[in-house]
Amino acid sequence: MLLPLRFIFCLFAWTFGPNQVTDPSMKSLSQGAVQTRIARRVYLSAAYRDARNLMKGHNFVLEASVRGPIDPGSGMILSIQELDAMVKSVAHKYDHQFLNELSEFQNSPVSTELLAQTCFHQLNEKISQLPGLTLDKIRLFESDDYWVDVGLHLMPEIDT
Amino acid sequence: MKIHVTRSYKLNVAHFIPEDYVSPEQATLHGHEWKVAVTLEKSKGVAIPNWDVHYLDQFLKDPLNKFQNCILNDHLPHGTGEVLAQSLLEHLKQTALGPHIMAVQLIETRKNRFQGVFANSLDKT
């Protein structure tokens, strides 16, 4: 009894659904346009006292992913030197530091999540000044087996 | 024939290096997740009593617990990786597994590692 109704509804959704040509990103994807992004990892070692008052030390890995069009002149989204310099300028503030003593954490606890967030905001400020480029995601590894992602539009992971 | 068996552990420790010896950044309190890798030498015909890979864990439990989540400089002079590797090696040497312990490797970062090797095993190789 319900099945034919369901079929009719599906047909309706397919015909008048929102993603028929009206969504520009869907259109360009169906026409074969692909999106490209680059990522860079930098390394930093830091200590902090966590909310449980435990002394923690980590070799953090900060991974920044930048999405944007490929510049026809260089064939690149962004030169690796430029990206490297930007990511390092953020990461080096925390490298070989005791994080609780830094101004960012004077009024908040220190955690990998909060460190990742402050890195995201600082790097996003730099990347968004470059035309067409967006900082897709910051991934901060605390160890090989634990990491935090920060982004404005985090997508479900299908590539790992 | 000899077999080397290596088992590794994680150690979460903060430390700083006294300023006289290093660059200012290393003199600031900072931390690492150290990897401690202990290598045993098993010679043919020499049995290790009660041996299995977990057997080693009990000998490392105390020192690892002692240093876990601490500031290394509170426990060891200088607080360096060298001193920590040495202290772990010396501790293991005094246990029942002592005669079979060959080396302790302390991996600080992707670039730095410290290795304490028992002098006798250098002679053997």
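# A guided tour of the chain A sheet and the A–B interface

Begin by selecting A:E63, which stands opposite A:R139 in strand 4 of chain A. The model on screen is predicted, and every value quoted on this tour is computed from it.

**The pairing of strands 2 and 4**

Widen the selection to the two strands. Strand 2 of chain A pairs with strand 4 of chain A in the antiparallel sense, over seven bridges. Strands of a sheet pair through backbone hydrogen bonds, either parallel or antiparallel.

**The whole sheet**

Now display the sheet in full. In chain A, five strands form an open sheet in the order 3-1-2-4-5, with mixed pairing. At its edges are strand 3 and strand 5 of chain A, each of which pairs on one side only.

**Strand 5 and the hairpin**

Move next to strand 5 of chain A, residues 146-150. This strand runs antiparallel to strand 4 of chain A, and five bridges join the two. A hairpin makes the connection from strand 4 of chain A to strand 5 of chain A through two residues. To see one facing pair, select A:I138, which stands opposite A:V150 in strand 5 of chain A.

Then select A:S143, in strand 4 (residues 134-143) of chain A. Is A:S143 buried or exposed? Its relative accessibility is 15%, so A:S143 counts as buried. For a sense of scale, draw a distance from A:S143 to A:R67: the C-alpha atoms are 25 Å apart in space, and the residues are 76 apart in sequence.

**Salt bridges within chain A**

A search of the whole structure finds ten salt bridges over all chains. Side chains of opposite charge can pair when their charged atoms come close.

Select A:D149 and A:R139 together. Their side chains meet in a salt bridge at 2.6 Å, N to O. This pair links distant parts of the chain, with A:D149 in strand 5 of chain A and A:R139 in strand 4 of chain A, ten residues apart. A:R139 counts as buried at 6% relative accessibility, whereas A:D149 is partly exposed, with a relative accessible area of 24%. A:R139 is also the residue that stands opposite A:E63, the starting point of the tour.

Continue to A:D136 and A:R67, whose side chains form a salt bridge of 2.8 Å, N to O. Why does this pair tie together parts that are 69 residues apart in sequence? A:D136 lies in strand 4 of chain A and A:R67 in strand 2 of chain A, so the salt bridge spans that separation. A:D136 counts as buried at 13% relative accessibility, while A:R67 is partly exposed, with a relative accessible area of 27%. Add A:R37 to the selection: A:R37, A:R67 and A:D136 are linked in a network of salt bridges.

For a salt bridge in a helix, go to helix 3 (residues 80-91) of chain A. There, the side chains of A:K88 and A:D84 meet at 3.1 Å, N to O. The two residues are separated by about one helical turn, because they are four residues apart in the helix. Of this pair, A:D84 is buried, with a relative accessible area of 14%, and A:K88 is partly exposed, at 31%.

**The interface with chain B**

Finally, show chain B and select the contact, which takes 17 residues from chain A and 18 residues from chain B. The area buried between chain A and chain B is about 1400 Å², and carbon and sulfur atoms give 52% of it. Highlight A:M55, A:N59 and A:H96: they supply 41% of the area that chain A buries against chain B, more than any other three residues.

How many salt bridges are counted between chain A and chain B? The count is one. Select B:K10 and A:D145 to find the side chains that meet in it, at 3.7 Å, N to O. Eight residue pairs are in polar contact across the interface of chain A and chain B, with both residues at pLDDT 80 or more.

Colour the chain A side of the contact by element. Strand 1 (37-49), strand 2 (55-67) and strand 3 (97-98) of chain A are the elements that give two or more residues to the side that touches chain B. Coloured instead by class, that side of chain A has six nonpolar, seven polar and four charged residues.

Terms used
Residues numbered from 1 in each chain as written. Chains lettered and ligands numbered in written order. Predicted model: local features only at pLDDT ≥ 70, side-chain atom pairs only at ≥ 80, totals over all residues. Heavy atoms only, no water. Contact = heavy atoms within 4.5 Å. Buried area = accessible area lost by both parts, 1.4 Å probe. Salt bridge = Lys/Arg side-chain N within 4 Å of Asp/Glu carboxyl O. Polar contact = N/O pair within 3.5 Å; in protein donor to acceptor, adjacent residues only side chain to side chain. Nonpolar A, V, L, I, M, F, W, Y, C, P; charged D, E, K, R; others polar. Buried < 20%, exposed > 50% of the residue type's maximum accessible area, 1.4 Å probe, protein only. Pairing = 2+ DSSP bridges.
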